[in-house]
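Open the structure in your viewer and keep the selection tool at hand. The stops below say what to select and what is there.

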Amino acid sequence: MQNPISPGRPALPSPSRPARSARRRWPALAASLLLVAAASATVSPPSVSAATTSPVAVTVNARAGLATVPDTALGVNQAIWDQNLGTDETSDLLRAAGVKMLRYPGGSYADIYHWKTHTAPGGYVAPNTDFDTFMAGARRVGAQPMIIANYGTGTPAEAADWVRYANVTKGYGAKYWAVGNENYGNGHYGSAWEADDHPDKSATQYARLVVDYADAMKAVDPTIKVGAVLTMPGGWPDGITAGSDPGPWNATVLSLAGPKIDFVDVHWYPGGSAAESLERIGHIDDAAHLLRQQIARYAGPNSGRIGISFTELNVDTGRTTQPAALFLADAYSDLLENGVFTVQWWNVHNGIGTVSQVAGHTDYGDFGILSSGGCTADGSVCEPPLNTPFAPYHGLSMMNLFARAGDQLVRAGTDQPLVTAHAARRGNGDLAVLLVNKDPDNEHPVTIDYAGFTPSGAAPTVHTHTNGATAIATGQSGNATSRVLPPYSLTTLVLRPAGAVTGQPGAPGQPTAAAVTDRGATISWPAATPGRSPIAKYEVYRQNGAVSEQLGETSATSLTVGNLVPGSRYTVNVLTRDTAGRVSWSSPPLTFTTGSPATSSCGVRLTDTSNWGNGFVGAVDIVNNGAAPINGWTLTWTWPTTWQQVSGGWNANWEQVGRTVRVTNTADNRQIAGGGGSTSAGFVGSYGGPNVLPTAFTLNGVVCTVL
């Protein structure tokens with residue numbers, strides 16, 4: 001989120017624009033109030049078809065384990081222009097919502113803020129917002145701090161002094177420290193909203209200084225974790241290389257600073273209408289996958305230690321109304337399922353913006369989860385009284401009721417895109433199911449099927465937040481297998497198991513994959529702890545949507561699986577079964593991607609030769625490894641996502657049907673000589689989300705080696 005220095009929308013390089021709402025900047029006003037103006041938002045409700053008469057099928061698979069909920073999961077931002085930052089009332093509201101991490105001193109203000117003097121030259125600093133006040137509030141909330149060290153106008157020495165004051169002088173035990181905020185927005189890519197006094201504004205310089213910051217800060221307290229700023233895959237300026245940097249921002253920063261950092265820090269503003277923001281939550285799985293790939297590829301040895309934080313999220317449409325609540329709960333759940341260690345909403349208080357009607361209710365255009373109590377500049381519209389919760393506050397509270405620290409998130413899915421589902425398995429045997437109805441006009445009946453869990457016949461505990469509600473309703477009603485979801489609603493069911501299960505074996509440890517080929521892999525895992533009976537075997541399952549498919553079983557702690565599909569992503573879990581038939585919780589998930597054949601009669605290389613943030617020029621090289629010439633050829637591949645498209649090409653005939661691309665020869669390159677002969681073609685590709693390149697190609701029906 002941007003600092004309140006000057007209002008307006010910065011010019012962005014064409015054709016690459018951030019896949020997020022306009023960069024927000026706030027004017028400094030009187031110390032007692034923060035009145036803001038924001039970019040106007042599209043307010044027309046999304047057009048949806050009438051609800052179908054048949055129920056939505058929901059599948060909850062307790063055997064398909066995802067990430068475990070960390071104790072830092074639910075977060076929100078604090079900002080030094082908010083004089084209510086550390087008040088007891090604010091802190092108590094955050095505590096009630098389950099907030100466990102607070103970020104300070106507030107987005108882009110971090111790059112102009114000097115903690116010793118509690119000043120932000122060029123910006124407004126409210127009274128009662130100094131670091132000690134923030135920490136007192138964080139302790140009252142019961143939340144860990146995430147502190148942003150000043151990169152833009154600060155120094156490594158200043159950051160080290162802050163660590164010394166926080167953890168040595170005051171004993172606060174502040175563990176998480178990020179270096180800067182959105183530093184790719186310093187003009188290096190043509191758009192400058194982030195303060196940066198360094199003459200060299202390249203990604204290379206940022207990465208080099210991150211190393212200096214990390215060394216200086218850890219020299220004071222070696223137990224802290226230091227993070228570097230990355231950009232969201234699929235969002236501006238992902239994929240773009242600027243200046244003399246050796247590659248795009250993420251690759252450059254990770255290559256140079258990877259060995260010194262402990263986490264990466266990413267922001268995401270999906271933008272668009274309410275329906276578009278909610279739909280783009282579907283990008284998260286691929287974005288998280290690409291981030292993990294980038295970290296593994298560029299960050300050096302032991303890169304698996306590097307965590308991922310998402311420290312700013314918000315929407316363009318319906319910021320104080322139900323679309324934001326739905327987005328918050330759905331996006332937080334998906335990010336946590338992907339192993340993100342904290343997700344943080346922007347912001348606690350922010351101030352009134354452009355007022356509109358969204359989904360039948362007044363939306364104040366305020367990025368805060370709590371009302372600032374201010375009015376528009378002309379006094380025509382005022383927000384509710386200070387600290388009145390807005391809809392996203394209730395979305396955050398619903399997350400607190402759904403997923404608790406130590407819960408294991410498990411796979412859930414539906415057959416209706418307007419209804420999404422998430423589930424969490426609790427240590428006491430309970431199962432919580434979060435259901436999100438994104439349809440603003442229609443209720444949806446659902447039927448819920450469970451795998452690996454048998455609910456009791458008792459009425460479940462039900463938490464519901466509906467459009468316009470000022471609180472979450474809680475009661476006991478209905479059953480575990482059917483429910484009617486109100487329009488634009490969040491519903492959490494908490495289910496007891498049919499019977500107490502005791503003596504079950506422990507879950508296997510984190511699996512790893514080795515000897516991954518195009519058709520197979522060897523999966524290994526740490527042994528489980530026996531329960532009441534000896535361990536009989538381990539069962540290995542693949543997650544296929546919300547369904548588990550068994551790949552094999554063994555009494556050992558490794559299994560070689562075969563018959564896999566080249567260039568495909570697999571997520572697997574391991575379960576323990578004892579001699580009495582008791583089954584453990586799922587292991588943590590393992591995700592790996594199969595490769596291409598080690599040898600083949602053909603080879604293919606696809607290269608992203610230039611990128612502008614929502615499109616790229618691709619080059620395709622085809623090599624004939626066979627002895628005989630090829631007379632006429634057809635190359636095919638399938639895009640990993642639905643938002644990738646070939647817009648046009650050359651040196652071949654190009655067509656795309658669905659996700660499948662078909663490339664055929666021209667008269668000029670019909671023949672490819674044997675023994676290493678080759679031909680090349682090119683295309684323009686476009687994408688509306690994370691650009692996951694294909695890793696499997698077929699030439700005349702033969703799977704090729706990827707070069």
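Does Val-125 count as buried, partly exposed or exposed, and at what relative accessibility? Val-125 counts as partly exposed because its relative accessibility is 22%; buried means under 20% relative accessible area, exposed over 50%, and partly exposed in between, with a 1.4 Å probe and protein chains only.

Before going on, note that this is a predicted model, in which local features need pLDDT of at least 70, side-chain atom pairs count only at pLDDT 80 or more, and totals for chains, interfaces and linings use all residues. Residues are numbered from 1 along each chain as its sequence is written, and side-chain values use heavy atoms, with hydrogens and water left out.

**Stop 1: Val-125**

Select Val-125 in the loop between β3 (101–104) and α2 (131–141). Helices (H or I, at least four residues) and strands (E, at least two) are DSSP runs, numbered from the N terminus. Leaving aside residues up to four places away in sequence, Val-125 touches Ile-80, His-118, Thr-119 and Ala-120; contact means heavy atoms within 4.5 Å. Now add Phe-453, which is 328 residues from Val-125 along the chain; the two C-alpha atoms are separated by 52 Å.

**Stop 2: strand β12 and its partners**

Select residues 408–414, strand β12, which is mostly covered: five of its seven residues are buried. Strand β1 (residues 56–68) runs antiparallel to β12 and is joined to β12 by six bridges. Two strands pair if DSSP finds at least two bridges between them. To find the register, look at Val-58, which stands opposite Thr-414 in β12.

Next show strand β13 (residues 419–425), which pairs with β12 in the antiparallel sense over three bridges. Leu-409 has Ala-424 in β13 as its bridge partner. A hairpin of four residues joins β12 to β13.

**Stop 3: helices α5 and α7**

Select α5 (residues 249–257) and α7 (residues 284–298), whose axes come within 8 Å and cross at roughly 40 degrees. α5 is therefore oblique to α7. Axes are lines fitted to C-alpha atoms, for helices over the stretch in contact, and angles run from 0 to 180 degrees between N-to-C directions. Angles under 35 degrees count as roughly parallel, over 145 as roughly antiparallel, 65 to 115 as roughly perpendicular and the rest as oblique.

The crossing of α5 and α7 is right-handed; a crossing is right-handed if the near helix is turned clockwise from the far one by less than a right angle, and left-handed if anticlockwise. Show side chains for Asn-250, Ala-251, Leu-254 and Ser-255 in α5, which meet Leu-291, Gln-294, Ile-295 and Tyr-298 in α7.

**Stop 4: Thr-317, then α8 and α9**

Go to Thr-317, in the loop between β8 (307–313) and α8 (322–337). Thr-317 counts as buried because its relative accessibility is 3%. The side chain of Thr-317 reaches the backbone oxygen of Gly-272 at 3.1 Å.

Follow the chain into α8 and add α9 (residues 391–402): the two axes come within 7 Å and cross at roughly 35 degrees. This crossing of α8 and α9 is right-handed. Among the α8 residues that meet α9 are Leu-328, Tyr-332 and Leu-336, and the α9 residues they face as a group include Leu-396, Met-399 and Phe-402.

**Stop 5: Arg-582**

Select Arg-582, in the loop between β25 (569–578) and β26 (590–593). Is Arg-582 buried or exposed? Arg-582 is buried, since its relative accessible area is 19%. Its side chain makes a polar contact with the side chain of Ser-533 at 3.0 Å. A polar contact is a pair of N or O atoms within 3.5 Å; within protein, one must be able to donate a hydrogen and the other to accept it, and residues adjacent in sequence count only if both atoms are side-chain atoms.

**Stop 6: two open sheets**

Show the five strands of the open, mixed sheet in the order β31-β35-β28-β27-β38. Its edge strands are β31 (644–650) and β38 (705–706), each pairing on one side only. Within the sheet, β27 (residues 602–611) and β28 (residues 615–624) pair in the antiparallel sense over nine bridges, and Asn-611 has Phe-616 in β28 as its bridge partner.

Finish with the antiparallel open sheet of five strands in the order β32-β33-β30-β36-β37. β32 (653–657) and β37 (702–703) each have a single partner strand, so one side of each is left without a neighbour in the sheet. β32 pairs with β33 (residues 660–664) in the antiparallel sense over five bridges; there, Val-657 has Thr-660 as its bridge partner.
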